Amino acid sequence: MNQPGIFDEIVLYFRSILEGFPDKRTGKNKRYQISDAALSAFSVFFTQSPSFLAHQKLMALKKGHNNAQSLFGVHQIPSDNQIRDLLDEVEPDKVFPVFSEIFRVLEKGKHLDVFRCFENNLLIALDGTEYFCSNQIHCQHCSSRTFRNGTTQYFHGVVTPVIVCPGNSKVIPLIPEFVVPQDGHQKQDCENTAAKLDLTSEKYQFIRQHLPTRKTFFDDLRALTRYLYFDSWENLLDFMIHGLELEFHPNTS
Ligand SMILES: [Zn+2]
C-alpha cells in the first residue's frame with residue numbers, strides 16, 4: 001500500500017462524500033461547513049480522545065493554530081453541540097459509498113491479494129458493538145433487554161464486518177450493518193468514516209513496531225497533541241521517532 005496516489009485517491013473521495021452531506025440549515029447561519037463538522041467528529045474517533053477538540057480550540061486561541069487544522073484539514077472547529085446538530089441529520093448510509101470505494105481502489109491496485117488465504121479466499125470477521133445504552137431514553141428502533149429485577153435496558157447495536165488475514169496486522173472494514181428490531185429507517189450519528197491520515201506510511205508502521213501495543217501509540221498521540229502543535233502528520237511522526245530515540249531509515253526502493 002505504499003504506492004503513491006492510492007491514499008490520496010481515497011481521501012479525495014472521502015472529502016467529496018463529506019461535502020455532499022445534506023445541510024438542513026437555511027439562510028445565513030452557516031459559519032461552519034458540514035465537512036468541518038464531519039472531519040472534527042472523525043478526529044475525535046481517530047485520536048480516541050473525547051476532549052481532543054476542546055484542547056485544539058484552546059491551542060488555536062493561544063497560538064493561532066491547531067492540530068485539527070493541520071492534521072485533519074478542519075477549517076474551523078465547531079462545538080460538540082454544533083457537530084451533533086449538523087451530523088444528526090445525516091443518515092449513516094451517506095458514508096457507505098466510502099467503504100465500497102476503498103474496497104474498489106484496493107482491489108484495482110491488487111492490494112487485496114495479500115489478504116487472500118485458505119484457497120485464495122477473503123476472510124470476513126464479524127464483530128458486534130453497542131453504541132447507545134440507556135434505562136430511560138429509547139426510540140422505536142432500540143433493541144432491549146430486561147433484567148431479573150424488572151428493569152429494561154435499551155440499546156443500539158451494530159455488526160461491523162472486516163476483512164482479516166492471519167499474520168497480517170491490517171484489516172479492511174466493510175459497510176456496517178445496524179441492528180434494527182423492526183423494519184424502518186434508523187437515524188443514528190454517522191460513526192464510521194474512512195481514515196484520512198496515512199496509516200500505511202513507513203514512519204507510522206515503524207513507530208508502531210517499536211511500541212508494544214496499538215493503544216500505546218494512541219496514548220502517546222493523545223498526550224502529544226494535547227499541548228503541542230504539529231504542522232503535519234509527518235511532523236508529528238518525526239517528533240515521536242525523535243522522542244522515542246529511534247533510528248529511522250526509509251526504504252528507498
Ligand atoms: Zn433507539
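Analyst: Helices (H or I, at least four residues) and strands (E, at least two) are DSSP runs, numbered from the N terminus. Axes are lines fitted to C-alpha atoms, for helices over the stretch in contact, with angles from 0 to 180 degrees between N-to-C directions. This is a predicted model, where local features need pLDDT of at least 70, side-chain atom pairs count only at pLDDT 80 or more, and totals for chains, interfaces and linings use all residues. Residues are numbered from 1 along each chain as its sequence is written.

User: At what angle do helix α1 and helix α2 pack?

Analyst: Let's find the two helices: α1 covers residues 6-19 and α2 covers residues 34-47. Their axes lie 8 Å apart, and the packing angle is about 125°. That makes α1 oblique to α2 (under 35 degrees is roughly parallel, over 145 roughly antiparallel, 65 to 115 roughly perpendicular, the rest oblique). So the oblique pair α1 and α2 has an angle of about 125°.

User: Which residues in α2 do Arg15, Leu18 and Glu19 meet?

Analyst: Arg15, Leu18 and Glu19 belong to α1. A contact here means C-beta atoms, placed from the backbone, within 7 Å. The residues they meet in α2 are Ser35, Ala38 and Leu39.

User: Over how many bridges do strand β1 and strand β3 pair?

Analyst: Strand β1 spans residues 123-134 and strand β3 spans residues 152-164. Strands pair if DSSP finds at least two bridges between them. At one place in this pairing, Ser134 stands opposite Tyr154 in β3. The two strands run in the antiparallel sense, and their bridges number 11.

User: In the hairpin of β2 and β3, which residue takes a positive phi?

Analyst: Strand β2 (residues 143-146) runs antiparallel to β3, joined by 4 bridges. One of the partnerships is Arg145 with Gln153 in β3. Between the two strands lie 5 residues, and the residue with a positive phi, near 95°, is Gly150.

User: Which residue in β4 is the bridge partner of Val162?

Analyst: β3 also pairs in the antiparallel sense with strand β5 (residues 177-179) over 3 bridges, where Gly157 stands opposite Val179. Strand β4 (residues 172-173) is antiparallel to β3 too, joined by 2 bridges. There, the partner of Val162 is Pro173.

User: Over which residues is the pLDDT below 50?

Analyst: The chain averages a pLDDT (the predictor's confidence in each residue, from 0 to 100) of 81, and 89% of the residues score at least 70. Where pLDDT is low, the predicted coordinates should not be read in detail. One stretch has 31 contacts in the model beyond near neighbours in sequence, yet its pLDDT is below 50: residues 183-196.

Methods
Contact = placed C-beta atoms within 7 Å.
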